[in-house]
Amino acid sequence: MFWILVVEGVCLPLRRRMAVWSLWSLLLWGALLPAAVTGTQVQGQVGGSVLLVAECAPGFQVREAIWRSLWPSEELLATFFRGSLETLYHSRFLGRAQLHSNLSLELQPLEFGDSGNFSVLLVDTGGRAQTQILQLKVYDAVPRPVVQVFIAVPGDDQPPNTCQVFLSCSAPNISDITYSWRQEGTIDFSIESQGLFADGQVLRVSLGPGDKRVAYSCIVSNPVSWESATVTPWESCHQEAGRASYKDVLLVVVPVSLLLLLAGLLSAWYWGPCSGKKKNVCADRVAPETENPLV
């Protein structure tokens, strides 16, 4: 029986046909083999690169290798066959995948949707095969957080010359992040959990006159990046006190100004041309006008 392999209408040479058959046999073999649950986790950042390492047992001499994307879609990414490296397969990683000589697969630049599961099937010169599963998680770069200072309303039990503040930290348009706080200038950076709210996003602190220069930093992080912002909350306490004294001044100045304005209006009415002391003059001015000129 004579077999002819035709791919897209082209009759391939015998050696090429054997190579293609071997490749498809490996793909079928990899599909039939039970998935290796190694659970290797790899993390990358959007816009960066990541290296998926193919690990081999000691004495395992690789003859063929196949890299595939398993989730969210199953795609062929790269192969190593008879000493030839190939990555020109139609997948979402076309042009972004590079297979190195040690059979590790590099992906760049990373996109947020690249997160998923990948597998590499390795076959040695003796026909033994092993499959490795890798889980890739791609994160956005953490932006610089914004810290807002809110002054608490003083209570009856609050000591004098103290200030209760709430520090709120936020990083816009990002998820999968962790918030933490530290007090600058101290050896122990940890913050007591009693003063933390909203999963560490809000910190409550009590300040006194000796804390005028105490600064607090909010650290926002994920597994691949971090950013921080620092504030000195006592400055907000001082500004709040200034605003309160300004309100007190207004409470005094505004009534006094209204009284002065009212006094001015009364004085103008009293000393006007028809006021009480000049009634006779006004009457004399009106009398000629009321006389009848006809006799």
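Which residue in S16 is the bridge partner of Leu196? The partner is Leu203. The model is a predicted one.

**The four-strand sheet**

Leu203 belongs to a pairing of S15 with strand S16 (residues 202-207). Two bridges join these strands, and they run antiparallel. Both strands sit in an open sheet of four, ordered S12-S13-S16-S15. Pairing in this sheet is antiparallel. At the edges lie strand S12 (146-151) and strand S15 (196-197). Each of these edge strands pairs on one side only.

Ser168 gives a view from inside this sheet's strand S13, which spans residues 163-170. Is Ser168 buried or exposed? Ser168 counts as buried because its relative accessibility is 18%, and the cut-off for buried is under 20%. Beyond residues up to four places away in sequence, Ser168 touches Val146, Val147, Gln148 and Phe150. Ser168 also touches Gln201 and Val202.

**Strand S17 and its partners**

Strand S17 covers residues 216-222. Six of its seven residues are buried, so the strand is mostly covered. S17 is joined to S14 and also to S18. The table sets out these two pairings, with one opposed residue pair for each.

| Pairing | Bridges | Direction | Opposed residues |
|---|---|---|---|
| S14 (residues 178-183) with S17 | six | antiparallel | Ser180 and Ile219 |
| S17 with S18 (residues 225-231) | seven | antiparallel | Val220 and Glu227 |

S17 and S18 also form a hairpin. Two residues lie between the two strands. In a regular strand, side chains alternate between the two faces of the sheet.

**Nonpolar cores**

How many residues does the largest nonpolar core have? That core has 23 residues. Those with the most contacts inside it are Leu52, Trp67, Leu105, Leu107, Phe118, Leu122 and Leu136. Several strands give two or more residues to this core. They are strand S4 (50-52), strand S5 (62-71), strand S6 (75-81), strand S8 (97-99), strand S9 (105-107), strand S10 (116-124) and strand S11 (129-139).

A second core is separate and has 22 residues. Val147, Val205, Val220 and Ala229 are among them. Two of these names return from above. Val147 is one of the residues that Ser168 touches. Val220 is the residue that stands opposite Glu227 in S18.

Key:
Residues are numbered from 1 along each chain as its sequence is written. This is a predicted model: local features need pLDDT of at least 70, side-chain atom pairs count only at pLDDT 80 or more; totals for chains, interfaces and linings use all residues. Side-chain values use heavy atoms; hydrogens and water are left out. Buried means under 20% relative accessible area, exposed over 50%, partly exposed in between (1.4 Å probe, protein chains only). Two strands pair if DSSP finds at least two bridges between them. Contact means heavy atoms within 4.5 Å. A nonpolar core is a set of buried Ala, Val, Leu, Ile, Met, Phe, Trp, Tyr and Cys residues joined through side-chain atoms within 4.5 Å.
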